[in-house]
Amino acid sequence: QVQLVESGGGLVQTGGSLRLSCADSGRTLSRYDMGWYRQAPGKEREFVAAIAWSGGVTYYADSVKGRFLVSRDNTKNMVYLQLNSLKPEDTAIYYCKPGWDTPYDNENWGQGTQVTVSS
């Protein structure tokens with residue numbers, strides 16, 4: 001099992017930016033497609049962005065397309081999510097997990113990192 005730790009969240013004003021990081025504290029990430037997902041209070045978890053294991057293909061939810069950028073550095077066992085032009089509706093806990101537009105499984109979710117966007 002891959003153990004992941006998310007970081008980089010915080011409080012930002014509308015229009016601001018944050019860079020989220022996903023670190024593998026155990027095994028390498030290089031063999032996995034990686035997805036970012038988020039969950040706001042009272043709402044279901046939703047897909048945000050995904051990146052193929054090689055980094056050559058990415059996919060975004062329509063709600064974040066053009067604003068967020070996902071990247072990875074397999075030599076550092078790191079996956080990133082650059083959040084730009086943030087909106088209050090982006091407020092959520094953000095998680096990384098192996099998967100594409102859906103995670104490969106629903107077990108072993110990390111603590112995530114909180115992103116709060118003030119209006």
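Start with the open sheet: six strands in the order 2-10-9-4-5-6, with mixed pairing. Bear in mind as you click around that this is a predicted model. Color strand 2 and strand 6 (58–60) and you'll have the edges; each has a single partner strand, so one side of each is left without a neighbour in the sheet. Going from one strand to the next, the twist averages 25 degrees.

Stay at the strand 6 end for a moment. Select residues 46–51, which make up strand 5. Strand 5 and strand 6 run antiparallel and share three bridges. To see one pairing, show isoleucine 51 with its bridge partner in strand 6, threonine 58.

Now hop over to strand 10, residues 113–118. On one side is strand 2 (residues 10–13), parallel to strand 10 and joined to it by four bridges; pick glutamine 13 and you'll find serine 118 of strand 10 opposite. Strand 9 (residues 92–98) also pairs with strand 10, this time antiparallel, through three bridges.

Turn on the side chains of strand 10 and watch them alternate. Thr113, Val115 and Val117 point to one face and are buried. Gln114, Thr116 and Ser118 point to the other face and are not buried.

Last stop: zoom in on threonine 113. Its relative accessibility is 9%, so threonine 113 counts as buried, the cut-off being under 20%. Tyrosine 94 stands opposite threonine 113. Next, pick the backbone nitrogen of glycine 9: the threonine 113 side chain reaches that atom at 2.9 Å. To fill in the surroundings, show residues that threonine 113 touches farther along the sequence, including Glu6, Ser7, Leu20, Ala92 and Ile93.

Note on methods
Residues numbered from 1 in each chain as written. Predicted model: local features only at pLDDT ≥ 70, side-chain atom pairs only at ≥ 80, totals over all residues. Heavy atoms only, no water. Helix = DSSP H or I, 4+ residues; strand = E, 2+ residues; numbered from the N terminus. Buried < 20%, exposed > 50% of the residue type's maximum accessible area, 1.4 Å probe, protein only. Polar contact = N/O pair within 3.5 Å; in protein donor to acceptor, adjacent residues only side chain to side chain. Contact = heavy atoms within 4.5 Å. Pairing = 2+ DSSP bridges. Axes fitted to C-alpha atoms, helices over the stretch in contact; angles between N-to-C directions. Lists of a residue's contacts leave out its neighbours within four places in sequence.
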